[in-house]
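Trainee: I should like to go through the reasoning behind several descriptions of this model. May we begin with the structure itself?

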Amino acid sequence: MAKKKLNSLSELGGFVFSTNEKEDFSSYSKDSEETLKPSEQQLEAHFSNKGRGGKTVTVIRGFQGNDADLKSLAKLLKTKCSVGGSVKEGEIIIQGNYRDKIMSILQEEGYQIKRVGG
């Protein structure tokens, strides 16, 4: 069975190594990050079509919390807009230009969101 070649340290999946036996690695875990309340979140709604073959998307940035809560919020937005999308690198990417609709949905949920760019 051939081993997969790693191109960067990030492909190790967050692996941390230390010779110190007393080191506490819990602070390095992404899952341990607590999600702020919606009223404490400062989100930004961006519109983009760069690097996507001319396809337009709405990008939500600034979410502070764990991945499960981010994915849950993305699912809510995709369901209410009836479109596809994904979560990548801490950003919610929604297919199409739904920035105004997404901003109103997030405001109803209690998030502070501002429009960035055109």
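Trainee: Which residues of the largest nonpolar core touch the most other members?

Mentor: The model is a predicted one. Among the 17 residues of that core, Ile-60, Leu-77, Ile-92 and Leu-106 touch the most other members. At least two core residues come from each of β1 (42–48), α1, β4 (91–95) and α2, and α1 gives the largest share, 5 residues.

Trainee: With which residues is Ile-92 in contact, leaving aside its neighbours within four places in sequence?

Mentor: Its partners are Thr-58, Val-59, Ile-60, Leu-70, Leu-73, Ala-74, Leu-77 and Ser-86.

Trainee: What makes α1 oblique to α2?

Mentor: The axes of α1 (residues 67–81) and α2 (residues 99–108) come within 11 Å and cross at roughly 125 degrees. Roughly perpendicular covers 65 to 115 degrees and roughly antiparallel begins over 145; the angle falls in neither range, and α1 is therefore oblique to α2. The crossing is right-handed. Leu-73, Leu-77, Lys-80 and Cys-81 of α1 meet Lys-101, Ile-102, Ile-105 and Leu-106 of α2, and these contact residues divide into 6 nonpolar, no polar and 2 charged.

Trainee: Why is Ser-82 called exposed?

Mentor: Its relative accessible area is 64%, and exposed means over 50%, so Ser-82 qualifies. Ser-82 lies in the loop between α1 and β3 (85–88) and has a positive phi of about 55 degrees, although it is not a glycine.

Trainee: How do you know that Glu-89 is exposed?

Mentor: The value for Glu-89 is 80%, which is again over 50%; Glu-89 is therefore exposed. Glu-89 lies in the loop between β3 and β4, with a positive phi near 50 degrees.

Notes:
Residues numbered from 1 in each chain as written. Predicted model: local features only at pLDDT ≥ 70, side-chain atom pairs only at ≥ 80, totals over all residues. Heavy atoms only, no water. Axes fitted to C-alpha atoms, helices over the stretch in contact; angles between N-to-C directions. Helix = DSSP H or I, 4+ residues; strand = E, 2+ residues; numbered from the N terminus. Parallel < 35°, antiparallel > 145°, perpendicular 65-115°, else oblique. Left-handed = near helix turned anticlockwise from the far one by under 90°. Contact = heavy atoms within 4.5 Å. Nonpolar A, V, L, I, M, F, W, Y, C, P; charged D, E, K, R; others polar. Core = buried A, V, L, I, M, F, W, Y, C linked by side-chain atoms within 4.5 Å. Buried < 20%, exposed > 50% of the residue type's maximum accessible area, 1.4 Å probe, protein only.
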